[in-house]
Structure formats: structure tokens, C-alpha cells
Amino acid sequence: MTYTTELITDEADFAALAPDWARLYARCGTATPFQSHAWLHSWWLSYGRRGRLRVLLVRDGGELVAAAPLMRVRSPVPSLVPLGGTISDYGDVLLDDGRGEAAVDALTAGLAAAARTALVDFREVRPGGAAERVYERWRGPRRRVGDSLCLELPAVPMDELLARLPTAKAQRVRAKLRKLTALGVERHVVRPDEVDRALRRMLELHRLQWQDRKVTSEHLRPRFCDHLVRSVGPMVRSGDAVVTEFRLDDDVVAVDLTLLSRRLAGGYLYGAHPRLRERKADVAVMLLDACAAHTGGGTRGALSLLRGNEPYKHHWRPDPVVNQRLLLARRRTAPLLTAAVGDVAARRRGKELVRVWRERGGGGP
């Protein structure tokens with residue numbers, strides 16, 4: 001069997017890949033919604049820079065059997081990095097589950113050729129991701145380091161999540177669920193033709209809920225709104241996302257975006273009106289209850305709380321899962337690998353120093 005590789009650098013050619021990409025995505029069990037064509041192409045339209053697109057394809061005849069969606073960056077060292085950037089919780093390649101190691105070899109060799117004088121830097125690879133197979137076949141210098149922490153629960157209905165908790169805590173959560181019912185909070189899954197309006201409302205509520213508090217500034221920018229509106233509608237139609245509205249007294253008081261793939265469901269972003277908390281509604285319980293309804297009764301494997309180690313997530317007794325950063329170099333680019341690993345260590349040391357400083361009261365006595 002002979003595989004051919006192709007490097008896509010033109011935005012229009014990337015856009016035209018949507019049908020082939022969708023078929024490959026459906027045959028890759030490790031894929032997350034952040035590897036869907038709708039998400040990646042929309043991200044490129046909002047965040048990509050001309051001349052930096054590098055999408056590597058592997059075909060068997062006309063059939064797409066592997067793909068690495070990448071772009072070239074110049075700092076901290078020249079590298080090929082996954083499309084999706086910091087607003088994507090997982091990065092990975094796509095590999096057809098029905099293909100053997102020859103397809104992996106073809107993708108790996110294609111990456112080595114495409115990298116040329118750059119490092120290949122796979123960020124935020126979920127354990128078990130397809131990029132691990134490339135890492136294992138890589139013939140040059142390589143390093144694996146930890147990346148962001150994600151917290152995961154089993155993909156089961158809410159009743160089974162409550163069974164994981166101590167009795168007293170489970171009873172308190174059930175009381176909060178009854179409170180939501182007593183308030184009259186109603187849940188509505190948004191139709192594909194309603195998605196654009198619902199997402200704009202979500203971002204308005206997100207801005208309102210974080211008013212006068214520290215917030216991820218990117219979530220408030222027009223380019224982020226444009227990206228969500230472009231990408232999520234097609235993802236809802238293909239079953240890769242679900243948007244849920246929560247209504248109180250006929251008003252939409254919260255909107256949640258949950259992303260779905262074969263192996264996981266993940267609550268990505270939400271917006272909630274402050275009046276919910278004023279009415280003593282527990283928004284975190286409300287959202288998790290809605291997300292658990294989309295887990296497929298355990299068929300997905302994981303209900304991911306996605307990146308972040310926020311204290312409220314630990315109330316549910318999640319399992320810590322550390323994403324991986326897979327660094328791949330050629331012999332002549334080994335110094336870039338050393339520099340990248342050094343940069344990782346320096347950043348971690350800096351964060352640790354900041355943490356200690358804050359624990360000591362900002363440097364005070």
C-alpha cells in the first residue's frame with residue numbers, strides 16, 4: 001500500500017477539505033471536538049496569519065487517512081504547532097483507526113520533511129491521543145513534558161455522579177437540584193437554526209457575570225465571538241456540540257456550550273445572569289446536570305471539566321489528567337528542542353515563584 005503526503009498552505013484549499021476531513025474525523029476514535037474541521041478552519045479565520053498555515057495530509061489514493069493541522073510560529077523558537085491555539089483545550093493529529101502503522105509512518109515522515117528547520121511542538125495532547133503514535137515512531141530527538149491539567153469525571157448520568165460523593169455532600173447537591181426546580185428554571189436544547197443567537201446571548205451573559213472581576217479577556221473580543229458563531233452551528237448539526245439555554249420567568253438567564261466527541265463530553269463555556277445567584281441558584285450544579293445529560297449514558301467514557309484546577313471543580317471528586325506536550329526535532333534542530341525544554345522549565349519556575357510570593361502575602365512579612 002502506497003501513501004502520498006501533501007502540505008496545504010493555502011486557506012482556500014484548507015476550507016475545501018471539509019468533506020474529506022469530516023470522514024477522517026469520524027474514523028478517528030481519539031479525536032476531540034477541537035480537531036473538527038469546523039472548529040479548526042473557523043479558528044484560522046479568526047486567528048491565523050497569512051503564510052503560516054501548514055496542514056499535512058496523508059492519502060491512500062483519494063482517501064484521506066491522516067492529517068496534522070499545524071501552523072508555523074517563530075517564538076520562543078521556530079516551530080510547527082497545532083491549530084486551535086490557547087482557546088482549544090486539546091491538540092492532536094487525526095489517524096484513521098482502520099489503518100496500520102504504515103499510515104503513522106507516512107504521517108511521521110511527512111512531518112519530518114515539513115518541519116525542515118523548525119521544531120514540531122504538539123501542545124495539549126490528551127493522554128491516549130493519536131499524536132502519541134507519531135511520537136513513538138519519531139526517529140530524531142524528542143521529549144515529552146507535562147502540559148495543562150484537566151479534571152475528568154466518568155461520563156455517567158447525574159445520579160451516578162452523586163453516588164461518588166459522601167452522603168452529606170450528595171444530599172446538599174440534591175437539595176440544590178430541587179431548588180432549581182422550585183425556582184422554575186427550565187432547560188432548552190437549542191436547535192441548529194437558533195445557535196447563532198444563543199451564542200451571542202451566552203457571551204453577553206458571560207461578560208455580565210464577570211463584570212468588575214478578573215476574566216479571560218479573549219472571551220470578550222469580537223474575533224472570539226466570530227469564531228464561535230462560525231464553528232458551533234456546523235458542530236451542532238454534526239453532533240459535535242450542544243447549546244443549552246436556561247430560562248427563568250420566560251427570560252434566558254444562562255447559556256451553556258458543551259462539546260462532544262466519541263470519547264468525551266466537555267463543558268466549554270457558559271454565561272449566567274447574576275440574578276440566578278441572587279435567587280440562590282447553584283449555577284455549577286445546574287451546568288453539570290445539563291452536561292451529564294449529554295454523556296451518552298457512559299458510552300463517551302469521560303465528562304471533562306477541561307483545563308483548569310479551579311477549587312469548585314474538586315467538589316465532584318474528579319480525576320486529574322495531565323495533557324502532554326510532545327516535542328519532536330531532527331538532528332540538526334536538536335538545539336531548538338533543548339531551548340524549548342529550557343523555556344518550559346523557566347516558565348514553571350517563574351509560576352512557582354509567583355505562587356510562593358502570593359502565599360507569603362505578596363512579599364510582606
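Where is arginine 263 found?

## Arginine 263

Let's start with that residue, keeping in mind that this is a predicted model. Arginine 263 sits in the loop that links strand 10 (251-260) and strand 11. Its relative accessibility is 42%, and it therefore counts as partly exposed, the class that lies between under 20% for buried and over 50% for exposed.

Arginine 263 also brings together parts of the chain that are far apart in sequence: its C-alpha atom and that of threonine 30 are separated by 7.0 Å, although the two residues are 233 residues apart along the chain. Leaving aside residues up to four places away in sequence, arginine 263 touches Gly29, Thr30, Arg300, Gly301 and Ala302.

## The nonpolar cores

Turning to the interior, the largest nonpolar core holds 52 residues, and Phe14, Trp21, Leu228, Val243 and Tyr268 are those with the most contacts inside it. Helix 9 (residues 222-238) is the top contributor to this core, giving 7 residues. Another core, of 31 residues, lies apart from it; Ala272, Val285, Ala292 and Trp316 are among its members. As background, nonpolar side chains in soluble globular proteins tend to be buried together.

Leucine 228 is a good residue to look at in detail. Not counting residues up to four places away in sequence, leucine 228 touches Trp39, Leu199, Met202, Leu203, Leu257, Tyr268 and Leu269.

## Helix 3 against helix 9

How do helix 3 and helix 9 cross, and at roughly what angle? The axes of helix 3 (residues 37-47) and helix 9 come within 9 Å, crossing at roughly 160 degrees. Because angles over 145 degrees count as roughly antiparallel, helix 3 is roughly antiparallel to helix 9. The crossing of helix 3 past helix 9 is right-handed.

On the helix 3 side, the contact is made by Ala38, Trp39, Ser42, Trp43, Leu45, Ser46 and Tyr47. Helix 9 brings Arg223, Phe224, Asp226, His227, Leu228, Arg230, Ser231, Pro234 and Met235 to the contact. Sorted by class, this contact has 9 nonpolar, 4 polar and 3 charged residues.

## What covers helix 3

Is helix 3 mostly covered or mostly uncovered? Helix 3 is mostly covered, with 9 of its 11 residues buried. These buried residues are His37, Trp39, Leu40, His41, Ser42, Trp43, Trp44, Ser46 and Tyr47.

Helix 9 is one of the elements that cover the buried residues of helix 3. The cover also includes helix 1 (11-16), helix 2 (18-26), strand 2 (53-60), strand 3 (63-73) and strand 11 (264-272).

Key:
Residues numbered from 1 in each chain as written. Predicted model: local features only at pLDDT ≥ 70, side-chain atom pairs only at ≥ 80, totals over all residues. Heavy atoms only, no water. Core = buried A, V, L, I, M, F, W, Y, C linked by side-chain atoms within 4.5 Å. Buried < 20%, exposed > 50% of the residue type's maximum accessible area, 1.4 Å probe, protein only. Helix = DSSP H or I, 4+ residues; strand = E, 2+ residues; numbered from the N terminus. Contact = heavy atoms within 4.5 Å. Axes fitted to C-alpha atoms, helices over the stretch in contact; angles between N-to-C directions. Parallel < 35°, antiparallel > 145°, perpendicular 65-115°, else oblique. Left-handed = near helix turned anticlockwise from the far one by under 90°. Nonpolar A, V, L, I, M, F, W, Y, C, P; charged D, E, K, R; others polar.
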